[in-house]
Amino acid sequence: MKRREFLVATSASALLVACQTTQPKPQPEPVKPQPPVVPPVARAKPKIGLALGGGAARGFAHIGVIKALETNGISPDIVVGTSAGSVVGALYAAGFGAFDLQKLAFQMEESAFKDWALFDRGLLKGEALEAFINKQVSNKPIEGLKRRFAAVATDLQNGEPAAFSAGNVGQAVRASSSVPGVFSPVVIRGREYVDGGLVSPVPARTARSMGADIVIAVDISQRPSGKKGAGSVDVLLDTIAIMGNRIADYELRDADVVVNPNIKGLPAANFQQRHEAILEGERAGFGAITRIRERLAAWDAKR
């Protein structure tokens, strides 16, 4: 490289370096303070109570009602049952879905509940029913079930309702289902208990007392049809239903929505018509969905 060219290149390089060193460096823009992130406030949900009434074999209708509730995304937090309602309610609280309950209903044999009681105060001891329930719930106690649950029975000593919300599930269901004259009374902690339908045919009040904001009651007790030819057990069960009708009317005042499956033509002691009972429960359940949603919306509007 010639001397003149070298001097020019050197001068250009020096000038470039000088410009780079004397040019002010760009300053970062100041960070704008961001507003604090406020987590969304979780909206409170009402506690839904499901009160399942007594009615012997008509209790299969409860399964149809539960099917309608599940289909519409309505999930009770509290389940209370009387007599047949305690049987379905205990299994539902343990985690059986509607279709699980329906499958079990079609598979079970009536003989599974018949353990004859000779020289006792009932035709049946009821121990078979207790064992069946405990087997289905894997011998968990009531407080170990997935939903809060209570079975309502009648205290023979004072005639008052007793809600079993802790302890042996099968024993509580057996006590709640011990129809006088059919099942022997159940002794729990030194006291005798019989069917809860005598004093609490549809346990809406108990569901409310357990903290339910909205109570859905399923009433499967029916007024007598006046038809002749019913068997002795049917007559006994209908007699209990007649005695409980006035009590049921009073107790249902604590319910927000009452579901009444049309099971008047189904005998209380006929387990062979379980399919018809489930269908009637399903029809009545779907028919009540609008009323249930209205109650849920009204509760939400108050918050």
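How many helices and strands does the secondary structure of the protein come to? The total is 9 helices and 10 strands. The model is a predicted one.

**Overall picture**

The protein has 303 residues, and 47% of them are buried. Its exposed surface is about 16700 Å². Carbon and sulfur atoms supply 56% of that area. Take the contacts between residues at least 6 apart in sequence: 77% of these join residues at least 24 apart.

**Strand β9 and its partners**

Strand β9 covers residues 214-218. It is mostly covered, with 5 of its 5 residues buried. In a regular strand, side chains alternate between the two faces of the sheet. In β9, I214, I216 and V218 point one way. V215 and A217 point the other way. Residues on both sides are buried.

Which strands does β9 pair with? One is β1, residues 48-52, which runs parallel to β9 and is joined to it by 5 bridges. Within this pairing, L52 stands opposite V218. Another is β10, residues 257-259, also parallel to β9 and joined to it by 3 bridges. Here A217 has V258 as its bridge partner.

**The loop after β9**

S221 sits in the loop between β9 and α8, the helix at 232-251. Is S221 buried or exposed? Its relative accessible area is 11%, under the 20% cut-off, so S221 counts as buried. Its side chain makes a polar contact with the side chain of D219, at 2.6 Å. Setting aside neighbours within four places in sequence, S221 is in contact with G54 and N245. S221 also shows how the fold brings separate parts of the chain together: R58 is 163 residues away in sequence, yet the C-alpha atoms of the two residues are 8.3 Å apart.

**Helices α6 and α7**

Helix α6 spans residues 169-176. Why is α6 described as largely enclosed by the rest of the structure? Because 7 of its 8 residues are buried. The buried residues are V169, G170, A172, V173, R174, A175 and S176. At the start of α6, a side-chain oxygen of N168 reaches to within 3.0 Å of the backbone nitrogen of G170.

T206 has its place in helix α7, residues 204-209. Its relative accessibility is 14%, so T206 counts as buried. Which residues does T206 touch, not counting those up to four places away in sequence? They are V80, V152 and A163.

**Rings and a charge**

The count of aromatic pairs comes to 1. The rings of F164 and Y193 have their centres 5.0 Å apart. Their planes stand at 80°, which is over the 60 degrees needed, so the pair is edge-to-face. The pair links distant parts of the chain. F164 belongs to strand β5, residues 161-164, and Y193 to strand β8, with their positions 29 residues apart in the numbering. Both F164 and Y193 are buried.

Another ring, that of Y92, has a charged group over it. The charged end of R147 sits there, 4.3 Å from the ring centre.

**Two loop residues with positive phi**

N139 and R189 are residues other than glycine, and each has a positive phi. The table sets out their backbone angles, places and accessibility.

| Residue | Phi | Loop | Relative accessible area |
|---|---|---|---|
| N139 | near 60° | between α5 (127-136) and β4 (148-155) | 60% |
| R189 | near 50° | between β7 (186-188) and β8 (191-195) | 71% |

Are these residues buried or exposed? The cut-off for exposed is over 50%. At 60%, N139 is therefore exposed. At 71%, R189 counts as exposed too. R189 lies in the loop that leads to β8, and β8 is the strand that holds the buried ring residue Y193.

**Buried and exposed sites together**

S221 is a loop residue and is buried at 11%. N139 is also found in a loop, but is exposed at 60%. T206 belongs to a helix and is buried at 14%. Strand β9 has 5 of 5 residues buried, and helix α6 has 7 of 8.

How values were computed
Residues numbered from 1 in each chain as written. Predicted model: local features only at pLDDT ≥ 70, side-chain atom pairs only at ≥ 80, totals over all residues. Heavy atoms only, no water. Helix = DSSP H or I, 4+ residues; strand = E, 2+ residues; numbered from the N terminus. Buried < 20%, exposed > 50% of the residue type's maximum accessible area, 1.4 Å probe, protein only. Contact = heavy atoms within 4.5 Å. Pairing = 2+ DSSP bridges. Polar contact = N/O pair within 3.5 Å; in protein donor to acceptor, adjacent residues only side chain to side chain. Areas by Shrake-Rupley, 256 points an atom, 1.4 Å probe, with all protein chains shown as cover. Phe/Tyr/Trp six-rings, centres within 6.5 Å; stacked < 30°, edge-to-face > 60°. Lys NZ or Arg CZ within 6 Å of the ring centre and 35° of its normal.
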